[in-house]
There are 2 protein chains.
Amino acid sequence: MSVVGGKWKMTILWRLARDTKRFNELQRSIENITRKMLTEQLRELERDGFVLRTVYSQVPPKVEYSLTDYGKTFIPVMQAMAQWGLTHLDSEA
Amino acid sequence: MSVVGGKWKMTILWRLARDTKRFNELQRSIENITRKMLTEQLRELERDGFVLRTVYSQVPPKVEYSLTDYGKTFIPVMQAMAQWGLTHLDSEA
DNA sequence: CAGTATCCGAAATGATACTG
DNA sequence: CAGTATCATTTCGGATACTG
């Protein structure tokens, strides 16, 4: 929990489990997250080795986020949680 | 995450997965948790149907906390997380 | 496009004292 | 033993403006 327990971390990792995403793409895919929060959580996930940040030196800038191999080891855990949620949380608040 | 994402909820559930515990027993088993935090988190877990609170009308009071059947369905998910942690988090901060 | 920097209010948490 | 009440503090998160 200390590494994946941030307010948006699971959501971010879950998005990146599907495929690589750019910053704005990620922001649009997560309802209500601010640039600040997205940046902060991504930095922490990066520091903890879950997420890889790839910067393309071009104009306009392009930055892609993806799961590292280490981050991918966490996918089964997320799937277990997702499956539990689907089974037990019918109408979520 | 919205139901088990509280700061101490996973820890509490993990303790109760082993066996029923009394309030002070639970507090002693969790380093640094205050009575206030423990009470609040337990109340929420109770409200969400994970935890059963059993009061024995005696002096001194005795209150036991245990997982409900519903709460027990979450044990495999916690085990998945615990196993992941053991495998990937050697020396935790 | 992909961020940073700054400020500020809200919410979470902690400390402490009190209670049936 | 198992809490509750109150207050202080810390942390978090949102709004806004600015940048390469």
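Colleague: Which backbone atom of B:V63 comes up against a phosphate oxygen of DNA strand D, and at what distance?

Modeller: A backbone N or O atom of B:V63 lies 3.2 Å from a phosphate oxygen of DNA strand D. Keep in mind that this is a predicted model.

Colleague: Noted! What about B:R53 and the phosphate oxygen of DNA strand D?

Modeller: There a polar side-chain atom of B:R53 is involved, at 2.6 Å from a phosphate oxygen of that strand.

Colleague: And which side chain has an N or O atom 3.1 Å from a base nitrogen of DNA strand D?

Modeller: That would be the side chain of B:R35. As for the atoms of DNA strand D within 4 Å of the protein, 58% belong to sugar or phosphate, and the rest belong to bases.

Colleague: Which residues come nearest to DNA strand D?

Modeller: Of the 18 residues around DNA strand D, the nearest are A:K36, B:R22, B:T39, B:R53 and B:Y65. The largest share of the surface near this strand comes from α3(B), with four residues. At least two residues each are also supplied by other elements, including α3 of chain A and β3 (62-67) of chain B.

Colleague: How does that surface split by class?

Modeller: Near DNA strand D you get nine charged, seven nonpolar and two polar residues.

Colleague: Let's switch to DNA strand C. Which residues come nearest there?

Modeller: A:R22, A:T39, A:R53, A:Y65 and B:K36, out of 18 residues around DNA strand C. Here 61% of the strand's atoms within 4 Å of the protein belong to sugar or phosphate, with the rest in bases.

Colleague: What do A:R22, A:N24 and A:Y65 each place by a phosphate oxygen of DNA strand C?

Modeller: A:Y65 has a polar side-chain atom 2.6 Å from a phosphate oxygen, and A:R22 has a polar side-chain atom 2.9 Å from one. A:N24 uses a backbone N or O atom, at 3.0 Å.

Colleague: Which element gives the largest share of the surface near DNA strand C?

Modeller: α3(A), with four residues. By class, that surface divides into nine charged, seven nonpolar and two polar residues.

Colleague: A:Y65 keeps coming up. Which residue is its bridge partner?

Modeller: A:K21 is bridged to A:Y65 in β3(A). The pairing of β1(A) with β3(A) is antiparallel, over two bridges.

Colleague: What's the strand order in that sheet?

Modeller: β1-β3-β2 in chain A, an open sheet of three strands with antiparallel pairing. β1 (21-22) and β2 stand at the edges with a single partner strand each, so one side of each has no neighbour in the sheet.

Colleague: How do β2 and β3 of chain A connect and pair?

Modeller: A hairpin joins β2(A) to β3(A) through five residues. The two strands, residues 51-56 and 62-67, pair in the antiparallel sense over six bridges, and A:V51 has A:L67 as a bridge partner.

Colleague: New topic: how much area do chains A and B bury between them?

Modeller: About 1,500 Å², with 76% of it on carbon and sulfur atoms. A:M1, A:M81 and A:W84 supply 38% of the area chain A buries against chain B, more than any other three residues.

Colleague: Which helix gives the most to chain A's side?

Modeller: Helix α5 (residues 75-88), with five residues. By class, the side of chain A that touches chain B has 10 nonpolar, three polar and one charged residues.

Colleague: How many salt bridges and polar contacts are there between the two chains?

Modeller: The salt bridge count is zero, and two residue pairs are in polar contact, both at pLDDT 80 or more.

Conventions:
Residues are numbered from 1 along each chain as its sequence is written. Chains are lettered from A and ligands numbered from 1 in the order in which they are written. This is a predicted model: local features need pLDDT of at least 70, side-chain atom pairs count only at pLDDT 80 or more; totals for chains, interfaces and linings use all residues. Side-chain values use heavy atoms; hydrogens and water are left out. Buried area is the accessible area (1.4 Å probe) that two parts lose on being put together, summed over both. A salt bridge is a side-chain nitrogen of Lys or Arg within 4 Å of a carboxyl oxygen of Asp or Glu. A polar contact is a pair of N or O atoms within 3.5 Å; within protein, one must be able to donate a hydrogen and the other to accept it, and residues adjacent in sequence count only if both atoms are side-chain atoms. Ala, Val, Leu, Ile, Met, Phe, Trp, Tyr, Cys and Pro count as nonpolar, Asp, Glu, Lys and Arg as charged, and the others, Gly among them, as polar. Two strands pair if DSSP finds at least two bridges between them. A residue is near a molecule or strand if one of its heavy atoms lies within 4 Å of it.
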